[in-house]
Amino acid sequence: MIEVTTTSGIVEVKGHADGPEGRIVCAAVSAVTQALAAGLKEVAGLHTYEEQESGFMRICWRTDHKLTKEQRAILNTWRLAMLYIQDASPEANITINGGP
């Protein structure tokens with residue numbers, strides 16, 4: 001099971017996908033989440049802090065300012081990608097909590 005939680009200033013992804021396509025789904029979730037971190041930092045200029053180990057990634061940022069339109073767009077695009085992965089592989093057991 002992969003659990004995705006988004007709260008103000010935090011995106012957290014933890015766990016491993018179930019089912020026959022579990023490795024592929026884990027790789028997709030990992031790649032999309034790493035792209036989120038890179039996009040927020042390198043493209044949108046958001047100062048982030050990342051933690052990563054096997055089966056876990058957390059991206060944090062300060063919440064004392066509003067996100068820019070570009071930063072929100074990157075977060076929304078990541079969320080859409082996660083929903084597409086969830087829809088394409090229901091047997092992987094991905095749970096998405098919170099909003100961008």
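# Two helices, a shared core and a few salt bridges

Gln71 is found in helix H2, and this residue makes a handy starting point for a tour of the model. The structure is predicted, with a mean pLDDT of 92 over the protein chain and 99% of its residues at 70 or more. From Gln71 we move along H2, across to helix H1, into the nonpolar core and then out to the charged pairs.

**Gln71 and its surroundings**

- Is Gln71 buried or exposed? Gln71 counts as buried because its relative accessibility is 3%, below the 20% cut-off.
- Beyond its neighbours within four places in sequence, Gln71 touches Leu40, Ala44, Gly45, Leu46, His65 and Lys66.
- One of these partners, Leu40, is itself a buried residue of H1.
- Another partner, Gly45, follows H1 and has a positive phi, near 70°.

**Helix H2**

- H2 has 20 residues and spans 28 Å between its first and last C-alpha, close to the 28 Å expected at 1.5 Å a residue.
- Its buried residues are Gln71, Ile74, Leu75, Trp78, Arg79, Met82 and Ile85. Viewed down the axis of H2, these residues fall within an arc of 135°, so they line one face of the helix.
- The spacing makes sense in general terms: an α-helix has 3.6 residues a turn, so residues three or four places apart point the same way.
- Lys69, Thr77, Tyr84, Asp87 and Ala88 are exposed, on the face of H2 turned away from its buried side.
- Which elements do the buried residues of H2 pack against? They pack against S1, S2, H1, S4 and S5.

**Helix H1**

- H1 runs over residues 22–43, which makes 22 residues, and reaches 30 Å from first to last C-alpha, close to the 32 Å expected at 1.5 Å a residue.
- Gly22, Val25, Val29, Thr33, Leu36, Ala37, Gly39 and Leu40 are the buried residues of H1. They cover an arc of only 165° around the axis, which puts them on the same side of H1.
- On the face turned away from that buried side, H1 carries the exposed residues Arg23, Ile24, Glu42 and Val43.
- The cover over the buried residues of H1 includes strands S1 (2–7), S2 (10–15), S3 (48–53), S4 (56–61) and S5 (94–98), along with helix H2 (69–88).

**Leu36, Val11 and the nonpolar core**

- Leu36 sits in helix H1 and counts as buried because its relative accessibility is 2%.
- Leaving out neighbours within four places in sequence, Leu36 is in contact with Val11, Ile59, Ile74, Leu75 and Trp78.
- The C-alpha atoms of Leu36 and Arg72 are separated by 11 Å, although the two residues lie 36 residues apart along the chain.
- Val11, with the same sequence neighbours left aside, is in contact with Thr5, Thr6, Leu36, Met57, Arg58, Ile59, Trp61, Leu75 and Trp78.
- The largest nonpolar core has 23 residues, and those with the most contacts inside it are Ile2, Val4, Val11, Val25, Val29, Leu36 and Ile94. At least two residues of this core come from each of S1, S2, H1, S4, H2 and S5.
- As background, nonpolar side chains tend to be buried together in soluble globular proteins.

**Salt bridges**

- How many salt bridges does the structure hold? There are five.
- Glu12 and Lys14 meet through their side chains at 3.8 Å, N to O. Glu12 counts as buried because its relative accessibility is 15%, while Lys14, at 35%, counts as partly exposed.
- Glu12 and Lys14 also belong to a salt-bridge network with Glu51 and Arg58.
- Glu50 pairs with Lys41 in a salt bridge, with the closest N and O atoms 3.3 Å apart. Both ends count as partly exposed: Glu50 at 29% relative accessibility and Lys41 at 34%.
- The side chains of Arg62 and Asp64 form a salt bridge at 2.2 Å, N to O. Arg62 counts as exposed at 58% relative accessibility, and Asp64 is exposed too, at 53%.

**Confidence by element**

- Where is confidence lowest in the protein chain, and where is it highest? The lowest is in S5, with a mean of 85, and the highest is in S4, at 96.

Note on methods: Residues are numbered from 1 along each chain as its sequence is written. This is a predicted model: local features need pLDDT of at least 70, side-chain atom pairs count only at pLDDT 80 or more; totals for chains, interfaces and linings use all residues. Side-chain values use heavy atoms; hydrogens and water are left out. Helices (H or I, at least four residues) and strands (E, at least two) are DSSP runs, numbered from the N terminus. The expected span of a helix is 1.5 Å times one less than its number of residues. Buried means under 20% relative accessible area, exposed over 50%, partly exposed in between (1.4 Å probe, protein chains only). The arc is that of the directions from the helix axis to the C-beta atoms. Contact means heavy atoms within 4.5 Å. A nonpolar core is a set of buried Ala, Val, Leu, Ile, Met, Phe, Trp, Tyr and Cys residues joined through side-chain atoms within 4.5 Å. A salt bridge is a side-chain nitrogen of Lys or Arg within 4 Å of a carboxyl oxygen of Asp or Glu. pLDDT is the predictor's confidence in each residue, from 0 to 100.
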